[in-house]
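Me: I am new to this structure and would like a close look at a single part of it. Please take one residue as the starting point, explain its surroundings with care, and then set it beside other parts of the chain.

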Amino acid sequence: MLQLHTLDIDTLPINVAIYEKDGNDFIFKDFNHLAEKTEKISRHELLNKKLTEVFPAVKEFGLFDVLHRVHKSGISEHFDVNFYKDDRISGWRRNQVVKLDDGTVAAFYEDCTLEKEKEQEVSDIKTSLRYQKQVFEHIMDDSVTIAIQGYDEHHNVIYWNKGSELLYGYTKEEAIGHTLESLIIPDNIKNNVSTSIDNWVTNGIPIPSSELILIDKDGNDVHVLSQHIMIRLDENHYEMYCIDINLSEVDVLQEKLLAQKNLLQSIMNLIPDLIWLKDPDGKYLACNKTLENFLGMKECEIIGKTDFDFVDEELAKSFQKNDKLAIEQDGYRSNEEVIRTIDGKNESYFETIKSPMKDNKGNLIGILGIARDITKHKEKEKELQISANYDHLTGLANRLLFINRLKHLLKHRASTQQYHAVLFIDLDYFKEINDTMGHDTGDIVLKKVAKVLKKFTRKEDTVARIGGDEFTILLENITSPFDAGNIAQKIIDALQTLIFIKKKHFFLSASIGIAISPDDALNADNLLSHADTAMYYAKSKGKNNYQFYKKDFSYQSFEKILIENDLRNALKNEEFVLYYQPQINMDNKQIIGVEALLRWEHPQKGIILPRDFMQIAENSGQFNAIGTWVIKHAMQDMVQWKKEKLGIETISINLSIKQLEDDTFISTLKHLLTETQCHPSWIEFEIPEKYIIMDEKNTSTKVHAIHTLGCKISIEDFGTGYSSLMGLQHLPIQKVIINQELLQDIPGNKDNETMVSMLILIAKKLNLEVITKCIETEAQEDFVRHNDCHEGQGFFYKSPMTKEKLEAGLKVFSS
C-alpha cells in the first residue's frame, strides 16, 4: 500500500483524486489542483460528495469497477486509455489506481486527449498514404514497358508486374515465392547480388542504379538498366523493389516514359497536398496543381523561381533553413510551417515533409516537399483553448476563468481601502421556460441575460456563466459594498423588462447573492460559496431581490426546510396536479396514449417540477405517498376518458426504484385498480432500465406480479447499458423507450445514430414495441421512422398540458 500522508498532492505533476469507500459508492476525500483544471471543477465542489453524483458516467467509463477491485484486493491496477464523457467534460484518461495505507483509494491519471487526437491524425495520414500506394501499385501493375519486381528480406518475390512477365517470361504466379537469384540472376553474379541485398538490409548500404545483364526464363540475356528501392516495414522486415528498363527498347520507351510522366503528374495533381521539387539551390523544378492554386500561378510561372519570389523574406529564409536541415539529416524532415503569399491572399498552416533526392552516385539533385494543410486542426486547437475558458453559448467567461481571475485579484489586492464583490445570479423559474418552450428558447433567453449583465459592468469587471441559469459577476475595486447592491438592483430591474421571443412575451426575474472581500472572505472559493449562499437566501425571501451574505445563514437552513415543510401540506391542500404529454402514432399523427407528469402548484412559488422536490420528499419519507397519489389520479382520469370515448388507449406512469422496492406496492396497486374501477390494460408502467439488474430475483417477482394484474410494462431509458438482453427476454415487457440522451445531436452524430438504429432493431427482434421520447425536430422524427420506430413523444408534437387542455383538444377533434 502507498503512503501519501507526508506528500502534498498539489505538488504532483499528475492528476490525483482520493476516494473513500461509502457503501456501494465512493466519496471524494481530496482532489489536487491539476485535476481541478483537467475536470473543470473546483475541489470544494467535490469533497465529501459521491463519485457517481459528480461524474454520472463513471460506471460506463469503467473506473468505478476498478476502484472497487483495488479497494477490496489492495492490489494496484493500471487502467488504460478510455474515453469519458458527461454533460460538462469529455476526454481520454489513463489511470493508475492504488490503495493507500489509510484505507482510501487514490487514482493517479493523465489527460491524453491531445495524444489521441494526434494518433487519429497519424491514422488519417496512414490511410491517405495507403490510398496513394494503391494508386501507384495499380499503375505499376498495368505497366508493360517497365519491369517492376518486389522482394522481401529473404530475396523471395512478393511482387511481379506485367512488364516483368513480358521482359523475363515468367508469369506472376510462376515468380511469386521464388528467390530473385533462382529466376533472373546469372550464375556469375549471384553471389554479388545476394551480398549487396544483404548489405542493404543489414548495413543500410544502398544498391546503386546500374546496367546489368540478366537472364529470362529461356536463359537468354536481358540487357537492363536496373534501379532499386528499399522500403523498411519495421525493424526486421524490408521490401526491395527493382525497376528494370529494357535498354534495347530505350528509344521506343522514351515516348512511353513521357506518357508515364504525364500520368504520374496527373496523379500528383489529384493529391490534395502541396507537392513540389526544388533543385539544390532552391529553384522550383516541378509542382502539382494544388500548389499552383495556392500560389495563384501556373507551373511554368513557378519553375525557375525561389521561395523569395512568393513569400516575404523572413518566411523564405525559414523555408531555406528547413531545406538545409533536411539535406544535412540525409533523410526526411517534418515540421509545421506557415505559408503566406506576398499578396496576402492565402495564409495557411501546413505540416511539411521534406526529403533530399540523390542520383545513383549519391549526389544531391533536389529536394522533394509535401505539405498538408492543417489550418482546420490549428483552428480546432484554438477553439479548444477558447472553450476551456469561455462559455460557448453566451461568450462569457466560464467557471474556470472566473475562479482564476478572482484568485489572481485577491492575491494581488493592492489596497485595503478598496473592496471586491462577487455577485451570484440565478434566474427565477428559468427551468419552467426551458421545459415548456424548449431548449432553443431557453438558449435565446440566456444570451439576452448575458447582454444585460455586460451592460451594467465595466471593462475591468468579469461576467461569467458558471451553470445552466447561473451567472456570476466580479466587481473589481469598488469603493463601497453598496456599489454592488446598486448594480444588483439595476440588473433585477432590467431583467423584469418584457422580453419578446418567438412571438411570445416573457417576464424574467433574478435572485442575487452578494459577497464582499475582504469582509466576507479572503479566498476565492469561500467568497464564491458565500455569494451562492446569499443567493439562496434571496430566493427564500420570495425571489426577485438581492441579499448580502451574512455569517448566520445558509441555504440548507432555510430553502430545504421551507420546501420540506410545504411538502407536508401539499397533499392535504391538494396542491399536486397531473400534466399529460400525448404519445403520437407518427404515421397518422393520432394520439395513442399519454404520459402522466407530476407538477406541484405551490401557492407562492408557482409550478415546481419533480426534480426540485422529489429528492426532499424521499429523504422526508413522503415519496411513496406522492407516488400513490399519482397512480390513483391517473387511473381516475383514464376511467373518465374511457367513458367519454376520447380515444386514449393507455396512460403511461413512471415508477421509481423507491416504489418498486416497497414491499406493499403490489397490494397497493391491486387496491387502486379496484377502487378506481380502472381496467389494468389501460395502464402502462415505465420502469427504469437500471432496476432490471439491481436485484434480479426481486425484479422478476415484481415485474411478473404487475403483469399478472394485467398492466402493461415498458422499459424506460432503453440503451443506457444497465439491463441484460437475456434478462429482457424472460420478463413480460411489451415496450421499450429509447434513451432521450441518445437522440441528442441527431441527425449529425454518427455514433448516436448508430446506437439508436441498433437499439430499435434489437427491440424489434425481441418482438417489443418501441417509442422515442423527447423528439424536438422533424429531422429526428424522420430518422427514427426510417429506422422502423413509429411511436413518438416530445415538444415536436405537444408540450405537457393540463388535463383540461388535453380533454378540450380531444373533444374538438372527436366532434
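Reply: Glutamate 595 is buried, because its relative accessible area is 5%, and buried here means under 20%. This is read from a predicted model, in which glutamate 595 belongs to strand S24, a stretch that covers residues 590–602. Its side chain makes a polar contact, at 2.7 Å, with the side chain of asparagine 654. Leaving aside residues up to four places away in sequence, glutamate 595 touches Tyr579, Tyr580, Gln581 and Gln583, and also Ser652, Asn654, Glu686, Lys773 and Gln793. Asparagine 654 therefore appears both as the polar partner of the glutamate 595 side chain and among the residues that glutamate 595 touches, a reading that rests on contact meaning heavy atoms within 4.5 Å.

Histidine 178 offers another setting, as this residue sits in the loop between helix H8 (172–175) and helix H9 (180–183). With a relative accessibility of 42%, histidine 178 counts as partly exposed. The residues it touches, when those up to four places away in sequence are not counted, are His155, Asn156, Val157 and Leu183. Between the C-alpha atoms of histidine 178 and histidine 154, which lie 24 residues apart along the chain, the separation is 9.9 Å.

For the chain as a whole, buried residues make up 46% of the 815 residues, and the chain contains 31 helices and 32 strands. Of the contacts in the chain with a separation of 6 or more, 55% are between residues 24 or more positions apart.

A helix shows how burial can be arranged along one element. Helix H19, residues 481–495, has 15 residues and spans 22 Å from its first C-alpha to its last, which is close to the 21 Å expected at 1.5 Å a residue. Its buried residues are Ala484, Gly485, Ile487, Ala488, Ile491, Ile492 and Leu495. Seen down the axis of H19, these buried residues fall within an arc of 165 degrees, so they line one face of the helix. What covers them includes helix H18 (439–455) together with strands S16 (419–427), S18 (470–478), S21 (510–517) and S22 (546–548).

A sheet elsewhere in the chain can be followed strand by strand. Five strands form this open sheet in the order S12-S11-S15-S14-S13, with antiparallel pairing. Strand S12 (284–287) and strand S13 (333–340) stand at the edges with a single partner strand each, so one side of each has no neighbour in the sheet. On average, and with direction ignored, neighbouring strands of this sheet are turned by 30 degrees against each other.

Starting from the S12 edge, strand S11 (residues 274–278) pairs with S12 over three bridges in the antiparallel sense, and tryptophan 276 stands opposite cysteine 287 in S12. S11 is also joined to S15 by five bridges, again antiparallel, with lysine 278 opposite isoleucine 367 in S15. S15 is in turn linked to S14 by nine bridges, and these two strands run antiparallel; here methionine 357 stands opposite glycine 366 in S15. S14 and S15 form a hairpin with five residues between them, and glycine 362 in the turn has a positive phi of about 85 degrees. Finally, helix H14 (residues 313–329) lies across S11, S13, strand S14 (347–358) and strand S15 (364–373), and runs at about 165 degrees to S13.

Key. Residues are numbered from 1 along each chain as its sequence is written. This is a predicted model: local features need pLDDT of at least 70, side-chain atom pairs count only at pLDDT 80 or more; totals for chains, interfaces and linings use all residues. Side-chain values use heavy atoms; hydrogens and water are left out. Helices (H or I, at least four residues) and strands (E, at least two) are DSSP runs, numbered from the N terminus. The expected span of a helix is 1.5 Å times one less than its number of residues. Buried means under 20% relative accessible area, exposed over 50%, partly exposed in between (1.4 Å probe, protein chains only). The arc is that of the directions from the helix axis to the C-beta atoms. A polar contact is a pair of N or O atoms within 3.5 Å; within protein, one must be able to donate a hydrogen and the other to accept it, and residues adjacent in sequence count only if both atoms are side-chain atoms. Two strands pair if DSSP finds at least two bridges between them. Axes are lines fitted to C-alpha atoms, for helices over the stretch in contact, and angles run from 0 to 180 degrees between N-to-C directions.
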